[in-house]
Amino acid sequence: MNEARRPDVAMDTIVSLARRRGFIFPGSEIYGGLANTWDYGPLGAELKRNIKNAWWEFFVQGRDDIVGIDGNIILHPRVWEASGHVQEFNDPLIDCRNCGSRYRADTLIEDKLGQQAEGMPLGEMTELIRSSNIACPFCGQRDWTEVRQFNLMFQTTLGPVETSGTKVFLRPETAQAIFLDYRAVMQSSRTKIPFGIAQIGKAFRNEITPGNFIFRLLEFEIMEIEYFIRESEAPETFEDWLTQIGAFFDSIGLRRENIRTREHEGKELSHYSKRTVDYEYRFPFGWRELCGLAYRGDYDLSRHSEFSGVDLSYFEQQTGERFMPHVIEPALGVDRILLVTLLDAYDEEEAADINGKPYTRVVLRLHPRIAPYQVAVLPLMKKPELVAKASEVQAMLRKTFSVEYDETQSIGRRYRRQDEIGTPFCVTIDYESLDDQAVTVRERETMAQVRVPIAEIADVISDKIASWS
Ligand code: GAP
């Protein structure tokens, strides 16, 4: 785990670094932007891919009991009736009659009165907002509608004619395709309970109050596992999964002191959940959900059996028993994890440049497993003989690492850029390299520089990554 201390970083600092260095851009920027949409730029796309790969390697490729699928975003419309999302996947909405602003009523209460309101009956929320004289945060008036339910699923129509087409939903969670494919997975891959099915993919939610950069989005990605067990195994498996999620966080360098767990109270539980524990992170705007672990019981398989008419119970050959499996579900938001990797990694320190001049060094202390580039190859100057040698070194290192090549600007500025984008190692080729076939390897963490024979760079860097703590 990364032991470095960061200053209490402001969200604006991360948003501006992400824009400046090409991690994350505002969506549809040249059209004036589209609120709460963001695009991942070249570095963000690498970081995101590395996080997803790390998760997939940790939970799917690294184990015998979990297999992956890649299911559809658009599913049969009955799926969402069976899953309970048509009925239950709602947030409480309140409108200001004066200016038309819309708010999530429970969030409004929490923000204005500091009182937990998730799960509170709608009438009670209306009464509380009115009796506490809460003003509209936008126009300051107190002319509220009643609180009503708002379904978060995006709808669209299949087929060319909107009026006669089939109404379908963009999935609000990836879990359902796993339940639909559970039987086919068992038949095709000879899996036996306990086992899990994993999926990474986009989900869509028409959030009433999106925001806080990429924390709450309309379109985001989830990494999710449905782990099928016997009911009697649930308590032990749940605890085990809590530990495993923590181990995954460690493997990508998240810092535990900014993370805690929180058990959901009864009224907060999703309609499908018997028990939920969130991992929360200390964001600049307070402790908020990072990811969740839910015990879904046999809710989904039973409902899909009922609605589809296909028996999804499990037959255990050894014991001759037939039963409906229960499910433990770890669900991690990719975008939220990515935001946390940036917040956790951001650091500033006083340093001296190569001429001894002091400056504030901005450094992203990303774990090498997820850093957009693991190595930067830098010829000391843009001279043909150095560039040729650097290209050779780059081609060699590319076989093992993700490598960036940079020959622009002074070496000092190039080091600063690599620090700011979180590249753990810089390899510099100078005139001596042409004679001694060695290069300077600079480490991001300490700025220490060592001379390494070209033939040994890959091993030296691999060893350092393998023993990274
Ligand atoms: N299948 C369970 C499920 O979807 P969830 O807690 O609603 O559970 C899983 O979502 C994770 O997805 C959350 O813990 C969070 O990391 C992320 N997430 C949820 N809503 C999000 C949103 N609007 N924007 C970005 N990430 C979101």
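This short report looks at one glutamate and at one five-stranded sheet in a predicted model.

**Glu-280 and its surroundings**

Let's start with Glu-280, which belongs to strand β12, spanning residues 275-283. With a relative accessible area of 5%, Glu-280 counts as buried, because that value falls under the 20% cut-off. Its side chain has a polar partner: the side chain of Arg-262, at 2.8 Å. Arg-262 also appears among the residues that Glu-280 touches beyond four places away in sequence, a list that includes Asn-258, Ile-259 and Arg-260 as well as Trp-287, Arg-288, Glu-289 and Leu-290.

**The five-stranded sheet**

Now to the sheet, which is open and has mixed pairing, with its strands in the order β20-β19-β21-β22-β23. The edges are taken by β20 (403-405) and β23 (449-453); each has a single partner strand, so one side of each lacks a neighbour in the sheet. On average, neighbouring strands are turned by 25 degrees against each other, ignoring direction.

Within this sheet, β21 (residues 425-429) and β22 (residues 438-443) run antiparallel and are joined by four bridges. For Cys-426, the bridge partner in β22 is Arg-442.

**Helices on the sheet**

Two helices can be set side by side here:

| Helix | Residues | Strands contacted | Angle to β19 |
|---|---|---|---|
| α11 | residues 384-398 | β19, β20 and β21 | about 165 degrees |
| α12 | residues 411-421 | β19, β20, β21, β22 and β23 | about 170 degrees |

Helix α11 lies across its strands, among them β19 (375-379), while helix α12 packs on the sheet and touches both β20 and β23, the strands that stand at the edges.

Terms used. Residues numbered from 1 in each chain as written. Predicted model: local features only at pLDDT ≥ 70, side-chain atom pairs only at ≥ 80, totals over all residues. Heavy atoms only, no water. Helix = DSSP H or I, 4+ residues; strand = E, 2+ residues; numbered from the N terminus. Buried < 20%, exposed > 50% of the residue type's maximum accessible area, 1.4 Å probe, protein only. Polar contact = N/O pair within 3.5 Å; in protein donor to acceptor, adjacent residues only side chain to side chain. Contact = heavy atoms within 4.5 Å. Pairing = 2+ DSSP bridges. Axes fitted to C-alpha atoms, helices over the stretch in contact; angles between N-to-C directions.
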